[in-house]
Amino acid sequence: MYELQCPACNKPSHYNFSDYLLLCPFCSTTFRLNQEDGHKEIYGDHYIIPNTIDGATGKELALEWLRRLHHKPGAVEQEFFVTDVKGFSIPLWIVSLEGHTSWKGLVKKQNRQVIRNSSSDYLMETGQFRRTYRWAINARNNICETWGLTRLHEPPEPIHVEWDGFPFDSTFTRGRLSDEEGRTAYEARNYFEFKYSNGTPILGVQVNEEEGLRRAKNQIELYHYKLACLNADYLIDYRTELEVAGIQLTHVPVWKVTYMYRPTGLLRHVQKPRERHLLIDGYGKGVLSGELALVYHDKVMINAYVSAAASLFFLLLGAMWHSAFLLIALFCMGIAALSIFTSVKKRAEKEEEELRKLSASHSIDRDKKAGTKAPARAS
Ligand SMILES: [Zn+2]
């Protein structure tokens with residue numbers, strides 16, 4: 001930390017020089033310092049999206065989300081405990097750009113069973129698609145410092161996301177629990193001022209503009225390559241051209257909620273409470289990303305533990321008392337274990353089905369709002 005005078009209001013303050021941009025705590029001016037000659041340059045394209053929630057609202061939003069996913073909404077208050085609610089304003093580089101991709105590939109002919117890959121089974125097709133984005137890149141060095149910020153992009157297409165950037169508008173409109181349609185987060189932004197964070201800490205800007213731009217371009221090229229692959233069975237050629245309209249820095253409010261699951265009933269004694277997380281948009285109140293407490297695998301494992309413990313007990317009983325008990329006990333054990341297993345399996349399947357429905361409805365909302373279309377196939 002070094003002391004420095006703000007180039008706008010001239011008041012001295014302490015700054016961390018490893019940050020790419022410095023923020024004056026008195027007048028909220030954003031500036032760059034050239035460390036060699038001490039020259040200060042004011043940076044104007046800095047915005048902030050106001051934070052509209054506090055810790056209590058964050059907690060209530062998390063519980064509401066859990067109630068929607070739980071098979072017994074009334075039991076949520078007894079079984080789930082919010083242990084931590086933290087809000088902050090993260091800096092994002094938002095790159096406005098248009099990506100135009102053309103592709104060429106072999107597509108399997110319809111109504112024909114391909115037995116071997118012969119040339120007559122495929123048609124050569126070409127196509128192109130164009131998409132515009134406000135692509136967001138985290139301006140913090142460690143993208144893992146906050147849970148959930150590494151994979152925010154949830155595209156409607158069946159592709160595996162390998163990048164941390166995301167289209168800003170569709171991401172920050174998803175997962176809203178209430179139907180109130182207000183301005184989008186992007187429309188609600190203001191020129192940067194500390195007061196709009198409403199008490200949440202403002203994280204420093206560590207990644208520079210050039211890197212933000214380069215990462216956005218790399219990620220969109222990779223995304224468009226994967227989109228092109230969906231069109232053809234064998235993608236032969238493709239080309240993506242990117243037109244950058246602008247880049248700006250925006251501080252965005254995000255809340256991380258940590259919760260624990262402690263089931264009532266038998267499960268309480270075998271299930272070790274584990275921390276789970278939720279990421280909430282601090283402006284639109286949508287759930288950006290969330291971890292479910294108990295998944296199918298966990299339930300099966302719990303049953304395995306219960307069965308193992310019980311069979312041990314019956315084995316002991318059989319050995320100590322009469323060997324005939326051993327056989328009967330084991331037989332009963334088998335039936336009990338099987339019935340528990342099927343009931344739990346059914347319940348887990350039901351929960352997963354609900355989760356799928358919920359996430360499907362989110363992606364429909366998202367498409368509607370973002371106005372994006374699947375890449376058209378030219379024929
Ligand atoms: Zn100042």
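Modeller: A definition to start us off: two strands pair if DSSP finds at least two bridges between them. Please also keep in mind that this is a predicted model.

Colleague: Thanks! With that in hand, which residue stands opposite Ile 94 in β11?

Modeller: Ile 94 brings us to the partners of β11. The strands β7 and β11 are paired in the antiparallel sense, with 26 bridges over which they do so. Within β11, the residue opposite Ile 94 is Gln 248.

Colleague: Is Gln 248 buried or exposed?

Modeller: Gln 248 sits in strand β11, and its neighbours include Leu 92, Trp 93 and Ile 94 as well as Tyr 43, Asp 45 and Tyr 47. The cut-off for buried is under 20% relative accessible area. Since Gln 248 has a relative accessible area of 12%, it counts as buried.

Colleague: With which side chain does the side chain of Gln 248 make a polar contact?

Modeller: Two of the residues that Gln 248 touches are Tyr 186 and Arg 189. The polar contact, at 3.5 Å, links the side chain of Gln 248 to the side chain of Tyr 186.

Colleague: Staying with β11, which residue in β12 does Val 257 stand opposite?

Modeller: β11 has further partners. Strand β6 (residues 46-48) pairs with β11 in the parallel sense over three bridges, and there His 46 faces Leu 249. Strand β12 (residues 275-281) pairs with β11 in the antiparallel sense over seven bridges. In β12, the residue opposite Val 257 is Leu 278.

Colleague: Now the metal: is the site of the zinc ion tetrahedral or irregular?

Modeller: Four sulfur donors surround the zinc ion, from Cys 6, Cys 9, Cys 24 and Cys 27, at 2.2 to 2.3 Å. Four donors count as tetrahedral if all angles lie between 85 and 135 degrees. Here the angles among the four donor atoms are 107 to 112 degrees, and the site of the zinc ion is tetrahedral.

Colleague: How many residues apart in sequence are the parts that Cys 9 and Cys 24 tie together?

Modeller: The zinc donors follow the spacing C-x2-C-x14-C-x2-C. Cys 9 belongs to the loop between β1 (2-5) and β2 (12-15), and Cys 24 to the loop between β3 (22-23) and β4 (30-33), so the pair ties together parts whose separation in sequence is 15 residues.

Colleague: And of that pair, which residue counts as buried?

Modeller: Cys 9 has 28% relative accessibility and counts as partly exposed. At 0% relative accessibility, the residue that counts as buried is Cys 24.

Colleague: Which residue is the bridge partner of Phe 31 in β5?

Modeller: β3, β4 and β5 form an open sheet of three strands in the order β3-β4-β5, with antiparallel pairing. Its edge strands, β3 and β5 (40-42), each pair on one side only. Three bridges join the antiparallel β4 and β5. The bridge partner of Phe 31 in β5 is Ile 42.

Colleague: Last one: how far apart are the end C-alpha atoms of helix α4?

Modeller: At the N-terminal end of α4, Asn 208 acts as a cap, with a side-chain oxygen 3.2 Å from the backbone nitrogen of Glu 210. The buried residues of α4, among them Ile 220, Tyr 223 and Leu 227, have a cover that includes β7 (80-108), β8 (122-138) and β11 (234-261). At 1.5 Å a residue, the 21 residues of α4 (residues 209-229) should span 30 Å, which agrees with the separation of the end C-alpha atoms, 31 Å.

How values were computed. Residues numbered from 1 in each chain as written. Predicted model: local features only at pLDDT ≥ 70, side-chain atom pairs only at ≥ 80, totals over all residues. Heavy atoms only, no water. Donors = N, O, S within 2.8 Å, 3.2 Å for Na, K, Ca; no water. Tetrahedral: all angles 85-135°; square planar, octahedral: opposite > 155°, others 65-115°. Helix = DSSP H or I, 4+ residues; strand = E, 2+ residues; numbered from the N terminus. Buried < 20%, exposed > 50% of the residue type's maximum accessible area, 1.4 Å probe, protein only. Expected span 1.5 Å × (residues − 1). Contact = heavy atoms within 4.5 Å. Polar contact = N/O pair within 3.5 Å; in protein donor to acceptor, adjacent residues only side chain to side chain. Lists of a residue's contacts leave out its neighbours within four places in sequence.
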